[in-house]
Amino acid sequence: MATPQLMKPAPPPEDNPTDKLLPGEHTLPASWWTSPQVLDIEKRAIFSKSWLFCTHATRFKKAGDYYAFSFLGMNFFIIKTKAGEIKAFHNFCRHRAYPVVRKQKGSSVILGCKYHGWSYDTDGLLKKAPHFDKVEGFDPKANSLFGIRTHVSRQGLVFVNFDNTDDFVPFEEFFAGLEDEMNEFDFDDYEYHMSYELDGTFNWKTLMDGYQECYHCPTAHPGLNSAFKMETYKVVPKGNYCRHYAKIVEEEIESVKDDADPDVESSWFGFGKKQAAKKAPAKKVENPGGKFNGLWCYLFPTNGVNCYSPAWYSIRVLPITPSRTILQYDIYTKKGLAEEKKKEFVEFLQNVELEDFNLCQLTQKNLNQGVYTTGYLHPLKERGVLHYQKVVKDMVKKHFEMELKAGKEINPAQIGGKAQSEEAAELEALCSKIECMGKNPAEEHAGLEW
Ligand code: FES
Ligand SMILES: [Fe+2]
């Protein structure tokens, strides 16, 4: 039986006075924000083992509707099957690896590969392979698309996990408690409105550092300051997710002023360049954040779901290189919300997000210089940063130790074993030996700082 929607955001837990006595800690070293080797191992240790939030089920209206995604070069798509399920597949044809879907979104109950004409149904089963019908021993089932573990929460939030090993962590364990907490918000009452994207020249962790605290808000977010009581802002770690709390200002607030630094270049995709700074006279307006205190969750490693009363939005942070990251925002507005209110919310959100974006652009430039190494974090105000950086460190260290022991890289997303022939496995091993010739893998990794 479905759990009834509560629609009452839980209050933040009371402060523990002893929290203040905890000593602070330093950030991880800046090399973790710049090194290609660190990003490589993060891909195997974190992004190939975590449940990654992708989208909301409401966007799939009919069988065959699909959306394509890419996390660190792992291309995949999520599709609604004929039976109405949501499934995810690696986006490569089982014949010679050409992409099966080539658009970011589309709809088709037959997915035809445009290289040699193989085609698959919405369950990924190979339905047609020209001229293979007479090939002895060819098994279409064994040549179907590779599926990816998928979880659709009771609220319709869609997650994937690339871990193809038997050691994968089930969703309920990875995000224990998240689904119950998400029931405080009625996702059914919202519909997809729009998406936009920002292309940043910074590491994914540069963005998460800012996302995981509001210590910077009084200085960097004038709009947010008038919408929320910043002194009530709190980040509470809950394993692999963190809940953010703040009380909303219920009376009318000053309109968001656009006084961003005009020297800072912005790079909206789909919205053109940011206009030159203008000083609008402050006027009183209804709080664009609405009347709901908010259900904001950071989902390790790089995603966020943030619910307000007029709308909720998600953020996917996609690392591309150590110093390039794409941010994708999807906005869902309350059904029947007036266009004017939608616009107000989108503007409110985009202002705040652009302020964060610009903070990251300039921070990363300094991280790249190799002069700054670590910084001291506030034990309470930056608790969320300490928490997620610790999860990063622990996952990377654990995986690195496993690789050292095995004497080779371990990629949990790789689909080998059963799916490969014995000869393929043998040739794969030969390739690794050739790559390692003359070098000791332990030494190769020795340059990493912990
Ligand atoms: S690669 Fe798809 S049919 Fe050949
Ligand atoms: Fe911010």
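The following conversation walks through a predicted model, one feature at a time.

Visitor: How are residues and chains labelled, and what pLDDT do local features need?
Guide: Residues are numbered from 1 along each chain as its sequence is written, while chains are lettered from A and ligands numbered from 1 in the order in which they are written. In this predicted model, side-chain atom pairs count only at pLDDT 80 or more, totals for chains, interfaces and linings use all residues, and local features need pLDDT of at least 70.

Visitor: What is the average pLDDT of the chain, and what share of the residues score at least 70?
Guide: The pLDDT is the predictor's confidence in each residue, from 0 to 100. Over residues 256-281 and over residues 441-450 it is below 50. For the chain, the average is 86, and the share scoring at least 70 is 82%.

Visitor: Which helix gives the largest share of the largest nonpolar core?
Guide: A nonpolar core is a set of buried Ala, Val, Leu, Ile, Met, Phe, Trp, Tyr and Cys residues joined through C-beta atoms within 7 Å, where buried means that 20 or more other C-beta atoms lie within 10 Å of a residue's own, exposed means 12 or fewer, and partly exposed lies in between, with C-beta atoms placed from the backbone. The largest such core has 78 residues, and those with the most contacts inside it include Phe77, Phe159 and Trp312. Its largest share, seven residues, comes from helix H7 (residues 339-367).

Visitor: What span does H7 reach from its first C-alpha to its last?
Guide: H7 has 29 residues, and the expected span of a helix is 1.5 Å times one less than its number of residues. For H7 that expectation is 42 Å, and the helix comes close to it, reaching 41 Å.

Visitor: How many residues of H4 are buried?
Guide: Helix H4 (204-211) is one of the elements against which the buried residues of H7 pack. The buried residues of H4 include Trp204, Leu207 and Tyr211. H4 is mostly covered, and the number of its residues that are buried is eight of eight.

Visitor: Why does Lys397 count as partly exposed?
Guide: Lys397 is found in helix H8 (residues 383-406), and its C-alpha atom is separated by 9.9 Å from that of Glu42, 355 residues apart along the chain. Lys397 counts as partly exposed because its C-beta neighbours inside 10 Å number 14.

Visitor: Which strands are the edges of the open sheet S7-S8-S9?
Guide: Three strands form this sheet, with antiparallel pairing. Each edge strand pairs on one side only, and these are S7 (110-112) and S9 (126-128).

Notes. Helix = DSSP H or I, 4+ residues; strand = E, 2+ residues; numbered from the N terminus. Contact = placed C-beta atoms within 7 Å. Pairing = 2+ DSSP bridges.
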